[in-house]
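Trainee: I have a model to go through and would love a guided tour. Could we take it one question at a time?

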Amino acid sequence: MARGGHGRRLGLALGLLLALALAPRTLRAKPMVRKERVVRPDSELGERPPEDNQSFQYDHEAFLGKEDSKTFDQLTPDESKERLGKIVDRIDSDGDGFVTTEELKIWIKRVQKRYIYDNVAKVWKDYDRDKDDKISWEEYKQATYGYYLGNPAEFQDSSDHHTFKKMLPRDERRFKAADLDGDLTATREEFTAFLHPEEFEHMKEIVVLETLEDIDKNGDGFVDQDEYIEDMFSHEDNGPEPDWVLSEREQFSDFRDLNKDGKLDKDEIRHWILPQDYDHAQAEARHLVYESDKNKDEKLTKEEILDNWNMFVGSQATNYGEDLTKNHDEL
């Protein structure tokens, strides 16, 4: 992701846990790059770096990823334009021949939701062991932690032991929060809330609590400035801190620490990681309109979009490029 962050999603370290459950290994060292903690409701959207306004890098990498951005290599420009044109007809929900910022925002949010549910569908069979179209806590626990639970001696002297010991009760707590009817069995909607809690209002407190637990190294129930910086940056030498770290210290003091007591409580963490005043889907929609609106009427014709097709095929408006490679009838 841009700005040196790896865009960590709080919707479970699913791949890490599953890999650990299947085969013990050493945990990765703390990354030397900047970590982004802010959770976006449109969770694949990150923050556009100011220096990238004149290129397609953000649009391609933020919504496609570096590897998936190559999807369109299999299509010629004419093929891409033809299929994109069909998608434009769907985005134009009122059929007036124009795509507004609001229509584009709604489309981006819709595609993002579809991505999330598609993601759940891909892993569903790994956990629904009895094929009853539900996933019980026991099924999830055995699929994710079964190796650890069955072979505890192998983990006694490894860092993985601490990881499992911490994550198992944490996952159970999250599962129970997602399980709205309290039967310890998750429907697809409940399992989606479990894997992607940032997308569900009733899961926001879990997101805040898990963030606090991750960063609060001294266990006092707060995040002080050093803990805040340590979560983003591993200072392994005695050299000066990078400029962005100094900037983050100022951010902590000036904007994160709202009551100026030198530490963040749960409310301040919530204000930080779950911002209510910035809609990244809206920002991306505005960006796409601004960059493509030749006559500056604040809405786009199909021709304006197709003239700037290379930006749109790199946007989440086309679901990581997948919509352009699907049959139109599937959309």
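**Helices, contacts and rings**

Trainee: What covers the buried residues of α10?
Mentor: Helices (H or I, at least four residues) and strands (E, at least two) are DSSP runs, numbered from the N terminus. Buried means under 20% relative accessible area, exposed over 50% and partly exposed in between, with a 1.4 Å probe and protein chains only, while contact means heavy atoms within 4.5 Å. In this predicted model, the cover over the buried residues of α10 includes β4 (223-224), α9 (225-232), β5 (263-264) and α11 (266-273).

Trainee: Before we go on, which atoms do side-chain values use?
Mentor: Residues are numbered from 1 along each chain as its sequence is written, and in this predicted model local features need pLDDT of at least 70, side-chain atom pairs count only at pLDDT 80 or more, and totals for chains, interfaces and linings use all residues. Hydrogens and water are left out of side-chain values, which use heavy atoms.

Trainee: Back to α10: how far does this helix reach from its first C-alpha to its last?
Mentor: Helix α10 spans residues 243-256, which is 14 residues. The expected span is 1.5 Å times one less than the number of residues, and for α10 that is 20 Å. The reach in the model is close to that value, at 18 Å.

Trainee: Within what arc do the buried residues of α11 fall?
Mentor: The buried residues of α11 are Glu268, Ile269, Trp272 and Ile273. They line one face of the helix, because seen down its axis they share a limited arc, taken from the directions from the helix axis to the C-beta atoms. On the other side, Asp267 and His271 are exposed. That arc is 120°.

Trainee: Which residue caps the N-terminal end of α11?
Mentor: Look for a polar contact, a pair of N or O atoms within 3.5 Å; within protein, one must be able to donate a hydrogen and the other to accept it, and residues adjacent in sequence count only if both atoms are side-chain atoms. Here a side-chain oxygen sits 3.1 Å from the backbone nitrogen of Asp267. The capping residue is Asp265.

Trainee: What relative accessible area does Lys263 have?
Mentor: Lys263 lies in strand β5 and, leaving aside neighbours within four places in sequence, its contacts include Phe252 and Glu268. The C-alpha atoms of Lys263 and Phe252 are 8.7 Å apart, with their positions 11 residues apart along the chain. Lys263 counts as partly exposed because its relative accessible area is 27%.

Trainee: Is Ser292 buried or exposed?
Mentor: Ser292 belongs to helix α12 (residues 280-292), and a polar atom of its side chain lies 3.0 Å from the backbone oxygen of Leu288. Beyond four places in sequence, Ser292 is in contact with Leu300, Glu304, Asn308 and Phe312. With a relative accessible area of 3%, Ser292 is buried.

Trainee: How many aromatic pairs does the count come to?
Mentor: Rings of Phe, Tyr and Trp (its six-membered ring) pair if their centres lie within 6.5 Å; planes under 30 degrees apart count as stacked, over 60 as edge-to-face and the rest as tilted. By this rule the count is 17.

Trainee: What is the angle between the planes of Tyr140 and Phe191?
Mentor: Both residues are buried, with Tyr140 in helix α5 (residues 137-150) and Phe191 in helix α7 (residues 188-195), 51 residues apart. Their rings are 6.3 Å centre to centre and edge-to-face, with a plane angle of 65°.
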